[in-house]
Amino acid sequence: MQPSLVAKYGEARLPRYTSYPTAPRFSPAIDVGTYGDWLAATPLDKPASLYLHIPFCRSMCWYCGCHTTITQRDQPILDYLDMLREEIGVVAARTKAPLNIDHVHFGGGTPTIMRPEEMLALVRLLHERFDFADTAEIAVEIDPRTLEQEMATALGEAGVRRASLGVQSFDPVVQKAINRVQSEEQTLEAVSRLRRAGVDSINFDLIYGLPHQTVESCIATAEAAIAMGPDRFAVFGYAHIPSFKKHQKLIDEAALANAEGRVAQAEAIAATLIAAGYRRIGLDHFARPDDSLALAQENGQLHRNFQGYTTDACETLIGFGASAIGRMTAGYVQNEIPPGVYAQRIASGRLATVKGYSLTAEDRLRANVIERLMCDFRVDVPAIAAAHGFDPQMLLHGNAKLAMLESDGVLENVGGVIRLHDEGRFLIRAVAAAFDAYLEQSARTHSKAA
């Protein structure tokens with residue numbers, strides 16, 4: 001890719017578009033009452049997904065951008081799980097009948113920080129409160145450094161079939177600079193324990209743009225990871241926002257690559273994975289050709305949600321836990337972020353909703369266009385606009401950002417059918433942003449919040 005294009009479009013500051021509109025547009029106007037009404041109106045003839053946020057870790061990784069709390073004691077975790085179970089009951093009681101569940105995702109933090117028996121009890125509760133499809137997929141995020149065989153066994157017993165392991169980098173210099181020392185042996189042992197327990201689909205998370213990373217160290221990490229045989233990779237760029245995440249101030253900014261260096265690292269990882277037989281999925285995922293994610297991309301059925309690229313097509317996503325975001329037919333909701341405030345809400349018998357967003361017809365149109373771009377690198381704007389009852393010129397006429405991207409050779413636009421050139425794939429978020437009606441407002445909101 002031309003260095004001038006990387007510098008011009010400044011990809012690092014654009015949203016990842018795991019939702020549209022993005023979270024900075026959420027407002028307190030969407031409150032407990034609104035969420036209660038939306039739950040009561042949840043369609044019962046369509047499947048739903050669940051997300052459970054476990055906001056605790058044993059140590060802080062300095063690159064982390066998640067909502068998490070560091071604790072060496074178990075009691076705060078036990079107290080939180082009590083409130084999480086209460087919330088599950090409160091939410092389940094608001095729907096007209098038990099929802100049909102297709103997907104469950106445990107995120108964090110470190111979900112496996114809880115004891116094995118607590119994980120089993122939590123999954124049993126979900127089965128009691130909801131109707132699980134026989135093919136329902138349960139996935140969990142894991143820190144390989146703390147995974148014991150007892151927990152791996154419990155995950156298998158709970159029906160977990162997909163695990164996402166944080167790897168980031170195997171370079172010891174990088175690991176020290178981000179306060180996450182994790183050997184290849186630890187990671188391989190975690191994979192072995194999971195597979196022995198029947199958790200048969202493994203994802204590795206890698207990060208580029210970390211302090212002291214080089215193209216060579218990124219390739220070495222990718223090669224070491226490939227040797228462990230994961231089914232999928234998610235490859236993310238480190239977002240350095242110390243004004244928003246205070247612990248990132250511990251990272252040496254002088255050791256971070258510039259925009260061109262970040263692109264070189266990302267493309268080096270991509271080339272290594274592709275050479276090993278993985279298929280590139282969207283912007284930042286890779287999967288074996290027979291993996292469901294690769295098959296979904298082939299069939300035009302790939303989707304994008306808060307966990308990234310997914311086969312999950314559910315319109316309803318119920319979020320549980322502090323900071324969890326849910327998606328309803330009518331819009332988005334987010335819970336209180338501090339675990340203590342979240343617990344107070346739940347202890348009082350209320351929903352924990354603190355803000356959200358009510359979707360308009362135009363929002364749904366733009367969200368559809370952006371998702372297809374992010375998933376397919378191609379979108380037929382007139383066809384999608386017609387399906388939503390809009391004139392496509394509302395999105396195309398006078399779209400200066402789109403015209404600039406076309407002029408720069410990033411994409412082609414033939415009658416509103418937009419297709420990215422292969423060399424422009426890394427700028428997909430800039431193309432998606434051309435259809436974001438709120439981007440500048442969101443940037444100002446985020447800046448104030450930071």
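This note goes through some features of a predicted model, point by point.

1. Record annotations. UniProt, in an unreviewed entry, lists residues 42–279 as "domain: Radical SAM core". Over residues 42–279 the chain is 38% helix and 24% strand. The C-alpha atoms at the two ends of this stretch are 36 Å apart.

2. Binding site in the record. The unreviewed UniProt entry also carries the annotation "binding site", which covers Tyr-63, Cys-64, Gly-65, Gly-109, Thr-110, Gln-168, Arg-180, Asp-205 and Ala-239. In the model, Gly-65 lies in the loop between strand S2 (56–57) and strand S3 (69–70). Ala-239 is placed in the loop between strand S8 (232–237) and helix H9 (259–275). Ala-239 counts as partly exposed because its relative accessibility is 40%, and the partly exposed class runs from 20% to 50%.

3. The largest nonpolar core. This core has 82 residues, and the members that touch the most other members are Leu-52, Phe-106, Phe-130, Leu-194 and Phe-233. Helix H3 (residues 75–92) gives the most to this core, with 9 residues. Leu-194 shows what such contacts look like: leaving aside residues up to four places away in sequence, Leu-194 touches Ile-142, Leu-147, Ala-152, Leu-155, Ala-163, Leu-165, Val-199 and Ile-202.

4. A second core. Separate from the core just described is a second one of 47 residues, which includes Tyr-9, Ile-325, Phe-435 and Tyr-438. Tyr-438 also belongs to an aromatic cluster, which it forms with Tyr-20 and Tyr-357.

5. Strand S13. Is strand S13 (residues 316–320) largely enclosed or largely open? S13 is largely enclosed by the rest of the structure, because 5 of its 5 residues are buried. Both faces of the strand are covered. Thr-316, Ile-318 and Phe-320 are buried on one side, and Leu-317 and Gly-319 are buried on the other. S13 pairs with strand S1 (residues 48–54) in the parallel sense, over 5 bridges. Within the two strands, Ser-49 stands opposite Leu-317.

6. Aromatic pairs. The count of aromatic pairs comes to 10. In one of them, the ring centres of Phe-26 and Tyr-332 are 5.7 Å apart and the planes are at 20°, so this pair is stacked. Phe-26 lies in the loop between helix H1 (3–9) and helix H2 (32–40), and Tyr-332 lies in strand S15 (residues 331–335), so the pair ties together parts that are 306 residues apart in sequence. Phe-26 and Tyr-332 are both buried.

7. A second partner for Tyr-332. How are the rings of Phe-306 and Tyr-332 arranged, stacked or edge-to-face? Their centres are 6.0 Å apart and their planes are at 75°, so the pair is edge-to-face. Phe-306 lies in the loop between strand S11 (303–305) and strand S12 (308–310), and its pairing with Tyr-332 in strand S15 links distant parts of the chain, 26 residues apart. Phe-306 has a relative accessibility of 22% and so counts as partly exposed, whereas Tyr-332 is buried, with a relative accessible area of 7%. The cut-off explains why the two residues fall on either side: buried means under 20%.

8. Charges over rings. Two arginines are placed over aromatic rings. The charged end of Arg-304 sits over the ring of Tyr-309, 4.4 Å from the ring centre. The charged end of Arg-425 sits over the ring of Phe-377, at 4.0 Å from the centre of that ring.

Conventions
Residues numbered from 1 in each chain as written. Predicted model: local features only at pLDDT ≥ 70, side-chain atom pairs only at ≥ 80, totals over all residues. Heavy atoms only, no water. UniProt positions renumbered as here; feature names shortened; annotations may be inferred. Helix = DSSP H or I, 4+ residues; strand = E, 2+ residues; numbered from the N terminus. Buried < 20%, exposed > 50% of the residue type's maximum accessible area, 1.4 Å probe, protein only. Phe/Tyr/Trp six-rings, centres within 6.5 Å; stacked < 30°, edge-to-face > 60°. Lys NZ or Arg CZ within 6 Å of the ring centre and 35° of its normal. Core = buried A, V, L, I, M, F, W, Y, C linked by side-chain atoms within 4.5 Å. Contact = heavy atoms within 4.5 Å. Pairing = 2+ DSSP bridges.
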